[in-house]
Structures are given as C-alpha cells and as structure tokens.
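Here is a walk through one structure, from a single helix outward to the contact between chains. Keep the coordinates open while reading.

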Amino acid sequence: MDAVSKSHVFPSPIGESVTRVDALEKVTGEAKFTDDLQFGAGLLYGQVVRSPHPHAIIKRVDVSRALALPGVRAAVTGEDSDDHIGLYLKDRYIFCRDRVRFVGDPVAGVIAVSESIADEACRLVEVEYEVLEPVLDPLQGVQEGAPLLHPDLGEYVVADFIDPKPGTNIANHFKVRKGDVEAAWSKCDVIVECDFRVPHVQHVPLETHVAVARVDQTGKIILWSSSQSPFAQRNLIAEALNMSQSDIRVIAPYVGGGFGSKAGVSVEGTAVVMARKVPGHPVKMRLTREEEFYCAFVRQGLIARTKVGAKSDGEILAMKTEYYWDAGAYTEYGVNITRASGYSSTGPYRIPNVHADSYCVYTNHPVGGPMRGFGMPEIHWGIEQIMDMVADELGMDKVAFRLKNCLRGGDKNVTGMTMHPIGLAECIEKASKAINWGEKAPASAPHKRRGKGLAIMWKAPAMPPNAGSSAWVRFNEDATVSLGIGGQEIGQGSFTVATQMAAATLGVPLDWIHISAPVDTKYSPYEWQTVASRLTWSMGNAIVQAAEDARRQILDIVAAYWDEDPNDLDVKDGQVISFKSENAIPLKDMVVYGLPLPDDQGWHGGPIIGHGNFMPTYITSLDNETGQGQRAVVHYTTGCQAVDLEVDTETGQIHLLRVASAFDVGKAINPDQVRAQMEGGVVQGASTAILECLQLKDGVPQNPSFTDYRIATSVDIPDEIIPIIVEVPQDDGPWGARGVGEHPMVPTAPAIANAVAAALGVRILEMPMTPEKVFLAIQEKLGEA
Amino acid sequence: MNLPHPGLPSFDYIRAQTLEQVVDLLLKHPTDVRLFMGGTDILVQMRDGLLEPKTLVDVKHLPGMTTIEFDPDVGLRLGAATSMNAVAQHQAVVENYPLLAEAANTVASYQLRNRATVGGNLCNASPAADTAPAILVLEASLIAFGPSGERSIPAEKFFLGPGESAFNQGELLTRIDIPLLPKGCHGRYLKLGRNAGGDLALVGVAVLGYPDETVDSDYRFRVALASVAPTPIRALKAEEILAGKSITDETLQQASDAAMDAAEPIDDVRASARYRKAMVRALTRRALSEVWAMLREEN
C-alpha cells in the first residue's frame, strides 16, 4: 500500500470515543490547578471579614487594630471598591460600601504574610452595624412595604434584555402573554393547579474557589484563578475598577469542578482589590468549604405556581405560571436565570395559550448564581410533575401524553420561535423502552413499592445574543499543532473535543494537536464563558473555521508548488496529497518553512497560522409585554429520563434501580464523554432530588459542611444508568453537534418524583425527597385513608 | 455566627511515655489537656473553634492500646486505640463478635476508619456513636486507668450525657473488655443515615438475641439505641416484653413500640424527632425479625 492510498483510510476522530487528552496529566498529578502554582516568598494571603447579619447598614469599619498586628501588610474596606460589578446587572460592590445584604457579604479584607495571621487579623477588624429587617422569602420580598435591599436599583447599569423594577425587590420581571389563557380554561376538560418548591443547593465543586492576584508597579493586574470565565472576569473587573481590559491578565489553569459556581466573578474580585494595596506581591484567596456554602454562588430557590389545562383527548390548551425566584442578595447573574425560566416556562410542550410571570426577587440569602441547568432543573421540577398529574386526571398513559404534546421540529414554541429539528419524541420512546415502560415489575420485598416515572426537558444556552468564540491553530516545525482556545477544561472534556475537531478538520493525527493551555487572556483567543453547554457548539465552530483557514493556506502553497488546482488536494494523516497527480508531501516539510518555487525562483508560503471565530448573528429580542419574538435562543437541546425505582415504605428511602437517559445531542463528537455527562447528570440530579438542601434560618446556613449537607457518593448512585444518544443534527453545529453538559441533570428530580408517585400514590412537591419527607408523606396518606 | 474560615489553632503535642505520665498531666492541667488517639473528632472540633486545648497528649502508642486479644475462656480485650478497620477485620472479632464488626464498619468512611478508634468513639460519649449500642448489648466493660490504678466501668454506666462519661478526674480509657457471649446468640446493628454511606446515624439499633430457658419466651434479647436520646441507651422495656412471652410477630411489634417509647430524640438539621422515633420502631422491628429468624433457624 503506498502512502497516498493509505491516507485515504485515515479515520476521522469525530464520533470516536478517544481517550481524554488530559487523562495522563490528571492521573499522574502533573496537571496544575491554581492552588498548585508557586509564587515564592513574596506571596501574601488575603482574608475577608464577612457580615454576620443578613441585612444591615455599615455604620463604621475600623481596621486599625488589624493593621497593628505583626505580619499584617494592609487592609481594605468598601472605600476600596471603585464601582459596581455584575454580569447582567451591576448591583454589587466587591467590598460592601454602605450596606450588607447576606450573611457572608465581604465588609473588609486583610492581607498578611500567612493565612493564620490573616485570620487572626480579621477578628481584630471592628465593624459597627445597624441591623435592618431582612427579606427571607421571595413572596415576602415582592410585597409592597417589604424592606428594600437595593434602593438604588434604578441607578444600576443593566443589560437591555433585563427589566428591573426600581422601588421594589424585583430585579427582573419576565412575561409571556401568548393566546388567551383565561378564555382557554373553559375549553379544558381537565385543569390541574399546583405549587412547587425548590430549595437552595450548592455546586460543591471538589476544588473550592481559589484566586491569586498581583498588581505590578505600573498598576497592571495578573489574576490566576480557578475559573470558568477568564475573559468575562477580565471584562467585569476592568469595568468595576475603571481599567482597560488590556491592563488585566487572567491566567486560568485546570478547574477542579465548576458546575457554574466559577462563572462570572466572586472571590477573584476580593483578591484583586486586596492586591492593589500591596503592589508587587501576589495575594492568595482561597475559600474553605464552609465559605463556599456561605459566600460562593448557590442555586436560587424557587416557588413555582403552575396551572395546566387540557382537553379530554389529551391536548394541552393552556398553561399559567408564576415563578418567584429566591435570588439572594445580588442578582447580577440570577436575573438571566429568571429570564431563561420565563422563556422556557412551558417545558418542551406545544401549548397555544400561555401566561407566565417570572420574578427575580432580592432576598437576604446567599447570592444566587448559575448552576448546571441555569434554572431548568428548578422549573422542570414543577412542569414535569404537573404534566403527570394532568395525564393522571385524563387517565392517559404518561408516555403517550408526552408524545402527543411534545415539541417537534417546525412547531412554534412558547416565545413564537419555530423549532429546529429535534429528536425529543425519539428520546421519549427510547428512554421509556429502556426501562420496559408499561410492564409491571414486582418490588424486592413486601415493605417496598416499585414505580416507574419519566420526565422530559429542554434547555437553550442562556447568554447574551452575541456571545462569541474564537480560536487559532498554529503549526510547529514538526507539523504538530498548537490549538489556541479561550474555553476552559472544567472536567467536561472540552479540550478533548477541541482536539478531535481540530485534528479532523486539519487532517492530522489526534496526538499532533496540543491545546495551548492554560487559558491566558494575554495570549488565548477570546471566549465569552465556559457555561451554558456552549463550547462544543460555539467554540467548536470557531475551531473548525480556524483549522479550515490553515488548511486552505496549506493547500494553496502546495498547489502552487505542484502547479495543481488546490481543489484537487487534501490533507490526510498529516500529509498533503493530490487526488489527481497522486503526489504527496508531509506537512512538516512545508508548514513553517514554506516551499521553494521552481527553478530557484525563491520561496513560497510561511509559518501557517489559521484563525476563526463564531458568533450567533440571528438572535432577536423578545417583546417586553408578550415575550414573543422571532428567535430568542440559538437552539434547544432536548431529552428524556425514565426512572425505575423502589421505595422502602418503612423508612422512606428511595432506591434507584434503573435510570435511562436519552438526549438529542445533534452529533456525539465523543460518545463516551456524552455518556459520561449523562451519568454525571443523573447522579447530580438524583443527589439534589433526594439529599441536597442548604438549610437557611434567618439567612444563616445551618449545614455549611459535608457533615450535614449530604451529597450522593458512589454508594448512592442508581444500580444501572442507561445512556442513550440521539442524533438529530443542528444546522449550525460542528458536524451537527449541540451541547449536553447541563441537560442530563434537568429531568432527573421530576422523573424520580413521578416514579415515587407511581409507586406510592404520594406526590412530593418540595425538593429534596428525603427519606423523612417521603416517610411522613406515606404516613399522611395512611392517615387520610 | 462563627466566621466560616476556621483553622487549626496552635497547640503542644506530647507523645505519652507511660500511663502514669498521662494521669499526671490530666490531673495537673484538667482544662488544658486533651487526650488524642485517631484525632478524627478532636482535630475537626479544634479546627472549627469548638475546642481549644493547649496540649494534645497522644496515648495511642502506649503499651496495649492497640492490642486485640481473644481468650476463649474469658472473652475479648480490645485496646482503646484500636482502629475501626482493625476491629472490623480482626478474625477473632468477625468470628465471635460479628455485631461489633458490623457496627465498626458503619462508622464514617473507610479512610476515616483507618484513623478512628473504638475507644475514641466511646470516650466522646456522643449519643450517635455507632459502636456504643454494640458495646451496650455486648455488656462490655470499659477499663479506666487513673490515680488509683485500674477500674472497670460497665458500659451501661459509662454514658452520662452528650459528651459526658463516667470518668473521674485523671482517668483514661485503656481497654474495652467484652465477655464471652451467650451460646447461640445472634446480633445485628442497623443504622439509618441520610444517604447510603458515610453519614452519622439518624438512628442506630443494635439487637442481640440468644436462647435462655430461664425466661418465659425461652429467648433473651438485648436492644440498644443510638442517636435518639442524650446518651446511647438500652431499651429495657422492649427487652422485658421479649423475655416475657412467646415470640410472635405481635411480640416483636410490641417490643419495637416499646423501643420507640424509650427514645427521646430531638429535632435538628439531620431529622425531626418524629421521624427518628418512627425509625426506632421500624429499625428495631427489622433487627428483631432478622435476629429472630437466625435464632429460629438454629433451634
């Protein structure tokens, strides 16, 4: 076999479960995380004095005793916060200036030569507060006369698609008015109304937040941080400190788990403000696990009031929803969760009449922020239970009910957008079949009850309309490739998928591609954020474009050298080949040094570097009053989970036997990684469904450690997880791919709740479904009977 | 509110050379000195600012502290600093006191069980200590060494309140002695946590049953409960019921009800008192049924 024909069989890595590119580094401990970086003897440590009150006016802050402690180098207070910070709504200072709004709000910071001296110094900072009445419930918060958390709400800078209500605690109100809900009720044969609640939960990444900031003698800032959003951090900090983006450099090593908690800016801001006081010294801030619970983002709490009506044949006619988000002290990020939940409020159903209000309510609770699913796990908890309740009332099979009403390609969705082709119905069919839907199976013991349930979901990347990605590829002398991206590897496998895409487009072996990491805003190409399950799709498009750019340059150079048409050439397995002449030349012979022209006429080409970018250009706004518009989002990823479980009626314990998880990912670039996302989503979803709840009492977390904030561990996972990949291509996705990082945790909790209801005839309306709650619900039912 | 950035305070560490030295230190510095074995509780409490001893005295290296000895004529002698894993995996324990191995195996996680000691678990006198109900139904004795030498404290007299034990000033636990068990006995320890592994007990129930022709039912049962009262307790009413009449489903249920009545749990972040009480009944019933089934199979 000669070289040319051999190259034709070179397999594309797309759709192959190649080994993770970071595997060896991570299993050997070679991979560097932020806290691994060494900064030498000049390193100082920052520690933050935090508010003990949920709501108070700061009367006085005195750091003089802290400054007098040997080993303390400097201190900061609210005076050192220049301007407001926030992603969609600039509503917070890095250090509070006049008011604290949650237990843990930063009031002052001290910088010392050791963490323990910094801790001790914190205890010497004197703060005088005037305690204010707190808002501890969103329903309280929206009432007239409720204490106001942000009297200056009207002054804050806000994104144009967010609608705050100055003079209230409502940071955003998103509305859908579609058809005529009131007129529709009378046409419904069945109407179900129910309230659902979701508590605050936490991301609990294995690696807690850590950031090191250094300000040099010219005032420029370097920030090393465990971050999902190096570029957004650079931008937000620049705006808050009135600096140029180019004077801030964010270096972001591997991230030990994000789940949204490391998006935007949290601890990093405090590190930067403190570092400004000690130019030349790096200042490290790292959160303890307890601080993580108090001070890092939490998932917002939710009270959902929902009403659904359907005709006797099962057709859903109307849906009315009110969402009250317990958004916490600052809603800079949460306002967009409110919006996303509003424009997704029907779930993936075709409903002609919709009335939805989604309120983002300030409360004196920990700061709500993005978490895997961005509002979707919370709203689907209610949506998917009430749909089961409607099906029950109709006496209709729940799979049939969903197949009748679920969105399909070409349908108009809740905001009037025409749905792109989706494989939701296929997901429902495959997931339900995988657990033998409709077949009764016996429980394993007399005191146990077995039940099956399912839930469907949709989620769009929730982001500004013009969130962009960029990438470059640069050839090295031996034809290996440096791939520049600004997206982060947070464990989800983005570096591997990026490598596969670059290798496939360039026509080089996978191991020739090397990601230029860590992401460094000084050298890496721009990426909005590593959030919203958007990298495979958005960054992937940029990578393909960059690789194609480089490939075109290569083909042009070689075509000139061979005096052929570039269209007759291709790059396969690391060499340029001609289908016409059957010429072949290894890339390493030309990607840096170019090629000589015939007859000693000089040289042609030069070091190859390709670049690409991607930004969706088709997003339109939604009408403020009706929530209707042409195209509110880039696309929806949809899916279904089906659960087979049994409940111990004597203890209330839920045992997950089988969970089938089917998602339409457009194209699985790396099927094993897609399956791993489904498994991880099921486990995290089940953990929040059964165990997780940040218990807040008067604004104070009661269980801020793993002793009492229980999460699922390996012994708690379902006996069997059945991942099912469905592929209905996305028209603007690379190879048709769309994201699936968040989605598998969205339907897990309601699918479990529906299975519990099937097993027991008892519905749990508030997460989590702890054994205690399930047991007491069983007792209550027995009492009624 | 405790600021959520705790840290381990500085302290002196003394590795004890003799029991007498330990007694001396305890007597001279009753408030500043704490004894240290696995450290899985005390170091965490110190980090969280709940305890601030000036000195930790490490006693786990003293002679006999990690010895496990079984004498078929006397019983088991367990050094106080024996780790949970060592106990759970020791052949003599597994063969002769499977209930103790089962209880030790439910403590926290495998990694913790490498450090955590049986003696430490008992000395903390936590109502939730997983080995305490086992120790109670095995009718063990806790051997204390103090100013006047060695004395033996019956397990049922050892726990006085949350964090309070029957030690006198200057005493430390050196050994747990467990007598030979009644012939034909069987036991179970059932623990309910919030998730399947690694949790503290919301409720723990230990049951030991054995044939005894001197009582009306021909069987004796010992029942002990964790996490549902200020101390680990024996459910004596339940035991009386089981001794007093022939064992039927109804008897087991009555005994379980009596165990529930013996429980005086509290509401806390982990569970409500109401749920805990109900779980005492459910778990007692389950443990009794299992032990009864094993007893019946043999007799």
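**From one helix to the chain contact**

Helix H17 (residues 748-760) of chain A has 13 residues, which should span 18 Å at 1.5 Å a residue; the end C-alpha atoms of this helix are 18 Å apart, so the two values agree. The model is a predicted one.

How much of H17(A) is buried? Eleven of its 13 residues are, so the helix is largely enclosed by the rest of the structure. The buried run starts at Thr748(A), Ala749(A), Pro750(A) and Ala751(A), and it continues through Ile752(A), Ala753(A), Asn754(A), Ala755(A) and Val756(A). Ala758(A) and Ala759(A) are buried too.

What covers these buried residues? The cover includes three helices of chain A: H11 (376-394), H16 (671-690) and H18 (771-784). It also includes strands S16 (448-459), S27 (637-648) and S28 (654-664) of chain A. Just after H17(A) comes Gly761(A), with a positive phi of about 70°.

Ile752(A) leads on to the nonpolar core. The largest such core holds 348 residues, and Ile752(A) and Leu225(B) touch the most other members. Helix H15 (residues 535-562) of chain A gives the most to this core, with 14 residues.

Now move to Leu225(B). Neighbours within four places in sequence are left aside here. Leu225(B) is then in contact with Pro133(B), Gly204(B), Val205(B), Pro232(B) and Ile233(B). Its other contacts are Ala235(B), Ala259(B), Ala262(B), Ala263(B) and Val280(B).

Next, the layout of chain B. The domain assignment gives domain 1 (12-58), domain 2 (68-179) and domain 3 (186-298). The C-alpha centres of domain 1 of chain B and domain 2 of chain B lie 19 Å apart. Twelve residues of domain 1 of chain B are in contact with 15 residues of domain 2 of chain B. On the domain 1 side, helix H1 (residues 19-28) of chain B gives the most, with five residues. That side of domain 1 of chain B has eight nonpolar, three polar and one charged residues.

Last comes the contact between the chains. Here 21 residues of chain B are in contact with 31 residues of chain A. Which element of chain B gives the largest share of its side? Helix H12 (residues 273-298) of chain B does, with four residues. By class, the chain B side that touches chain A divides into twelve nonpolar, six polar and three charged residues.

Technical notes: Residues are numbered from 1 along each chain as its sequence is written. Chains are lettered from A and ligands numbered from 1 in the order in which they are written. This is a predicted model: local features need pLDDT of at least 70, side-chain atom pairs count only at pLDDT 80 or more; totals for chains, interfaces and linings use all residues. Two residues are in contact if their C-beta atoms, placed from the backbone, lie within 7 Å. Helices (H or I, at least four residues) and strands (E, at least two) are DSSP runs, numbered from the N terminus. Ala, Val, Leu, Ile, Met, Phe, Trp, Tyr, Cys and Pro count as nonpolar, Asp, Glu, Lys and Arg as charged, and the others, Gly among them, as polar. Domain bounds come from an automatic or database domain assignment. The expected span of a helix is 1.5 Å times one less than its number of residues. A residue is buried if 20 or more other C-beta atoms lie within 10 Å of its own, exposed if 12 or fewer, and partly exposed in between; C-beta atoms are placed from the backbone. A nonpolar core is a set of buried Ala, Val, Leu, Ile, Met, Phe, Trp, Tyr and Cys residues joined through C-beta atoms within 7 Å.
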